[in-house]
Amino acid sequence: MTDLMTMRARHRQILDYLNEHSIATVKQLVDLLQCSPATVRRDIVDLDAEGKLRKIRNGAEKILSPNSNDSPGMVNFYPKISDYKNYDECDRIARRAVDICQAKDNIFIGEGQTTFLMGKYLMETDLHVYSNYLPLVTYLISKGYPHLVVLGGQYVKSQSLLVSPDTHVSYQGRYMFVSGDGLTEGGLTKSALLAFMEEKKMLNYADKVIALVDSTNIGVFGGISLFGLEELDMVITGQQADPDVLAALHAANVHVELV
């Protein structure tokens, strides 16, 4: 197999492919570019060094966040596509979460891989965002998002949170978006204790609570009970979600959006 395409053209096609598919194997790129596996691997290494993609085993994935190559402290700070059980579904959930907001709404956003994905869709809005989830906050700052309130406190590196002992008495918003590690007939559960505590505080300032849960976590018990069904107003999840749990949500007057 001969490598007839120029390096610049190959790089452009690799990045275009990742924009559409998020993850690409070496074999897929060989078929796409009609060049040798060695050339593809070399291109992946070069693009990874430039911060344009992330090299993974036997392939590459799209980068979701600002380039952290020049900032060692930011490595593994942002979620990666390979961290998601179903990236495409989580991305649809995040997009829908932003779409339901109205112009200039105040919204609270908690910790989570899916809530992080709201960031790129927020860039197209004038929503006022309140959050202490540092990957999302840092992403929005790096992109110049002008409508951001950072809920301050002590930085807890292990959970990427700012934790404050104080309540934010003057804050009020339409929605609070939260993720969880499980959702059952008993409610939304979360394994991260500090995130649980901070999101409980946020509940005081939002009119409605919306849970963003991918379908693989519907019917799963994921740790501490964060919100009971009576505290949830809406759940956004995927089409493959457990129908028994969805029925329980409907019975509890929780609005369900399937994406």
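Strands here are DSSP runs of E with at least two residues, numbered from the N terminus, and one of them, β12, spans residues 206–212 and holds A211. Welcome to a quick tour of this predicted model. The stops are a buried strand residue, the packing of helices α1, α2 and α3, the aromatic pairs, and a few backbone details.

**A211 and its surroundings**

- A211 has a place in strand β12 and, with a relative accessibility of 0%, counts as buried.
- Beyond residues up to four places away in sequence, A211 touches V178, L188, L232, M234, V235 and I236.
- From A211 to Q113 the C-alpha to C-alpha distance is 13 Å, while the two are 98 residues apart in sequence.

**How α1, α2 and α3 pack**

- Two packed helices are described by the angle between their axes and the distance between those axes.
- For helix α1 (residues 7–21) and helix α2 (residues 26–33), the axes come within 11 Å and cross at roughly 125°. That angle makes α1 oblique to α2.
- The α1 and α2 crossing is right-handed.
- On the α1 side of this contact are R10, Q13, I14 and Y17, and they meet Q28, L29, L32 and L33 of α2.
- Helix α3 (residues 37–49) packs against α1 at an angle of about 75°, and their axes are 10 Å apart. Angles of 65 to 115 degrees count as roughly perpendicular, and α1 and α3 are therefore roughly perpendicular to each other.
- M7, R10, H11, I14 and L15 are the α1 residues that meet T39, D43, D46 and L47 in α3.
- Between α2 and α3 the angle is about 110° and the axes are 9 Å apart, so this pair too is roughly perpendicular.
- In that packing, V26, L29, V30 and L33 from α2 meet P37, V40, R41 and I44 from α3.

**D43, a charged residue on α3**

- D43 sits in helix α3, and its relative accessibility of 1% means that D43 counts as buried.
- Setting aside neighbours within four places in sequence, D43 is in contact with M7, R10, H11 and I14. These four also appear among the α1 residues that meet α3.

**Aromatic pairs and a charge over a ring**

- The structure holds 8 aromatic pairs. One of them joins F77 and Y78, an edge-to-face pair at 5.1 Å centre to centre with 85° between the planes.
- Both F77 and Y78 are buried.
- F108 and Y130 form another pair: their ring centres are 4.9 Å apart and their planes lie at 25°, so this pair is stacked.
- F108 belongs to strand β4 (residues 106–109) and Y130 to strand β5 (residues 128–131), so the pair ties together parts that are 22 residues apart in sequence.
- F108 is buried at 0% relative accessibility, and Y130 is buried with a relative accessible area of 11%.
- F77 and Y78 also join F116 and Y139 in one aromatic cluster.
- Elsewhere, the charged end of R174 sits over the ring of Y175, at 5.9 Å from the ring centre.

**Helix α7 and the residue that follows**

- In helix α7 (residues 134–142), the buried residues are L134, P135, L136, V137, Y139 and L140. Y139 is the member of this group that takes part in the aromatic cluster with F77, Y78 and F116.
- G144 comes just after α7 and takes a positive phi of about 80°.

**The loop after β4**

- E111 is found in the loop between β4 and α5 (113–116).
- Without counting neighbours within four places in sequence, E111 is in contact with Y133, Q159, L161, S179, K190, A195 and E199.
- E111 and L140 are 29 residues apart in sequence and 14 Å apart in space, C-alpha to C-alpha.

**Positive phi outside glycine**

- Q34 is not a glycine, but has a positive phi of about 55°; Q34 lies in the loop between α2 and α3.
- K104 is a residue other than glycine with a positive phi, near 65°.
- The loop between α4 (87–99) and β4 is where K104 lies, and at 58% relative accessibility K104 counts as exposed.

Definitions and conventions. Residues are numbered from 1 along each chain as its sequence is written. This is a predicted model: local features need pLDDT of at least 70, side-chain atom pairs count only at pLDDT 80 or more; totals for chains, interfaces and linings use all residues. Side-chain values use heavy atoms; hydrogens and water are left out. Rings of Phe, Tyr and Trp (its six-membered ring) pair if their centres lie within 6.5 Å; planes under 30 degrees apart count as stacked, over 60 as edge-to-face and the rest as tilted. Buried means under 20% relative accessible area, exposed over 50%, partly exposed in between (1.4 Å probe, protein chains only). A charge sits over a ring if NZ of Lys or CZ of Arg is within 6 Å of the ring centre and within 35 degrees of the ring normal. Axes are lines fitted to C-alpha atoms, for helices over the stretch in contact, and angles run from 0 to 180 degrees between N-to-C directions. Angles under 35 degrees count as roughly parallel, over 145 as roughly antiparallel, 65 to 115 as roughly perpendicular and the rest as oblique. A crossing is left-handed if the near helix is turned anticlockwise from the far one by less than a right angle, and right-handed if clockwise. Contact means heavy atoms within 4.5 Å.
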